[in-house]
Amino acid sequence: MVPADKTAYTLRRVTGTLAEGAAKLAKEIEGATVEAVLAKANRAAMRRGVTAALGTMRPRPAEWYAFDVKDQDTPDWYPQGLTGGEDSGSAGVPVFLASWYFKPEPPVAERGIRLTFLSPRTLRYQHALLVEARPDGSYGPIDIHAGGIGWYGDLLYVADTVRGLRVFDLRNILDLRTAQNDLGDPARIGRHDGRFHAFGYRYVIPQTDFWRVTRPGARFSFVGIDRSTTPHTLISGEYAEDRTDRLVARWDLELTDGTPRDAFVLGHAKIQGALSTGGAWYLSQAADASTNGRLIVHGDGEPVTRPFPIGPEDLTVQNGRLWSVTEYRNKRVVFGVSL
């Protein structure tokens, strides 16, 4: 983790009409708290299920939660980002948030990105659609990879690979059932003939802000929150298939200035998540759909490699453990290991 020139990751705030569009929607659709979303969660996770995700990993994770059979098998949605209530600092309840991107096969149209709220207490979870609101009172899907997410305060930062960081206010989770009796047409999105549609999802969360990269070339593949620094820091960096010279950068939180605090050369290829905490760096390294990934730890001295499941992605620290999510079909779990 060699220090590097941080200027390539300088961001500028570009709110545009996003806040206006989100506010207009909130006047017609009532909001729901994270606690309320979890209380009405309509899917059940499996504690220590889907062991295929672990592959040859020994020892096994300290804990893991598998998504249900439908979400395991779908070829359309792939988990990518992970954050949790401890990152936020004000969540009020234990909760994991995971981002998924839509990978449509023709003739199915693009459906964007979604966010999962998972309760480790009840093992219930609920999906919500992340959308881009428009000044005319409608909204549409966001066609990005959403490779990483970080929740700080009320704001959710979502990686937009070539553009920067999209921002969503989690005080603005909108419940379509408060505006109409049903969830609309499952094949449509937005406002049509005075009714709201979200591909059958009950909840939509409109984007409220945008931090865009000022130079072409920087990529935002994952996101993390480090609450061990003063001030706390937001982390993002770049996945590269076969290069080791890609960077990871950190910004002070609250994010008010787009200039990074620092940046480092990752020194490894295929990094799907990077997180600093307690003075050490943790890197999530992928392989393929049938091969275990690795956890690379940079502390004092030489880096240490530890076993990891198949298809590990973004990283977060919750309850004193390091957590990640795996992406491949029938191998989709949220799992935690010791730091």
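Tutor: Let's begin with one cut-off: a residue counts as buried when its relative accessible area is under 20%, as exposed when that value is over 50%, and as partly exposed in between. By that rule Arg166 is buried, and Asp160 is buried too. Please keep in mind that this is a predicted model.

Student: What do Arg166 and Asp160 form together?

Tutor: Arg166 and Asp160 form a salt bridge, and their closest N and O atoms are 2.8 Å apart.

Student: How many salt bridges does the count come to?

Tutor: The count comes to 22 salt bridges. One of them pairs Arg43 with Asp71, with 3.7 Å between the closest N and O atoms. Arg43 sits in strand β4 (residues 43–44) and Asp71 in helix α3 (residues 69–73), so this pair ties together parts 28 residues apart in sequence. Arg43 and Asp71 are both buried.

Student: Where along the chain do Arg191 and Glu28 lie?

Tutor: Arg191 belongs to strand β16 (residues 189–192) and Glu28 to helix α1 (residues 18–28), so look for them in distant parts of the chain, 163 residues apart. A salt bridge joins Arg191 to Glu28, and the closest N and O atoms are 2.5 Å apart.

Student: Why are Arg191 and Glu28 called partly exposed?

Tutor: Use the cut-off from the start, where partly exposed covers the range between the buried and exposed limits. Arg191 has a relative accessible area of 24%, so it counts as partly exposed. Glu28 is at 40% relative accessibility, so it is partly exposed as well.

Student: Which residues are joined into one network by salt bridges that share partners?

Tutor: That network is made of Arg219, Glu238, Arg243, Asp245 and Arg246.

Student: Let's turn to the strands. How should I read a sheet, and what is the order of the strands in the open sheet of 4?

Tutor: The general idea is that strands of a sheet pair through backbone hydrogen bonds, in parallel or antiparallel fashion. In this structure, the open sheet of 4 strands follows the order β23-β24-β25-β26, and its pairing is antiparallel. Its edge strands, β23 (271–277) and β26 (304–310), each pair on one side only. From one strand to the next, the twist averages 20°.

Student: How many bridges join β24 to β25?

Tutor: Strand β24 (residues 280–285) and strand β25 (residues 292–298) run antiparallel and are joined by 5 bridges. To find your way along this pair, start at Trp281, which stands opposite His298 in β25.

Student: Which residues come after a cis peptide bond?

Tutor: Pro59 is one of them: the bond from Arg58 to Pro59 is cis, with omega near -5°. Look for Pro59 in the loop between β5 (46–47) and β6 (63–66). The bond from Thr230 to Pro231 is cis too, with omega near -10°. Pro231 is in the loop between β19 (222–226) and β20 (233–237).

Student: Which residues have a positive phi although they are not glycines?

Tutor: Arg48 has a positive phi of about 55° without being a glycine. Arg48 lies in the loop between β5 and β6, and at 39% relative accessibility it counts as partly exposed. Asn319, also not a glycine, has a positive phi of about 55°. Asn319 is in the loop between β27 (312–318) and β28 (321–326), and at 59% relative accessibility it counts as exposed.

Student: Is Gly92 buried or exposed?

Tutor: Gly92 is at 70% relative accessibility, so it counts as exposed. Gly92 is part of the loop between α4 (85–88) and β8 (96–102). Its C-alpha atom is 8.6 Å from that of Val34, which is 58 residues away along the chain.

Student: Now the whole chain, please. How many helices and strands are there, and what share of the residues counts as buried?

Tutor: The protein chain has 4 helices and 29 strands. Of its 339 residues, 57% count as buried. Among contacts between residues at least 6 apart in sequence, 60% join residues at least 24 apart.

Student: Why does the radius of gyration agree with a compact globule?

Tutor: For 339 residues, a compact globule would have a radius of gyration near 20 Å, and the protein chain has 19 Å, so the two agree. Along the principal axes, the C-alpha atoms fill a box of roughly 60 × 45 × 40 Å. The accessible surface comes to about 13,500 Å², and 48% of it belongs to carbon and sulfur atoms.

Terms used
Residues numbered from 1 in each chain as written. Predicted model: local features only at pLDDT ≥ 70, side-chain atom pairs only at ≥ 80, totals over all residues. Heavy atoms only, no water. Pairing = 2+ DSSP bridges. Helix = DSSP H or I, 4+ residues; strand = E, 2+ residues; numbered from the N terminus. Axes fitted to C-alpha atoms, helices over the stretch in contact; angles between N-to-C directions. Rg over C-alpha atoms; globule rule 2.2 N^0.38 Å. Buried < 20%, exposed > 50% of the residue type's maximum accessible area, 1.4 Å probe, protein only. Contact = heavy atoms within 4.5 Å. Areas by Shrake-Rupley, 256 points an atom, 1.4 Å probe, with all protein chains shown as cover. Salt bridge = Lys/Arg side-chain N within 4 Å of Asp/Glu carboxyl O.
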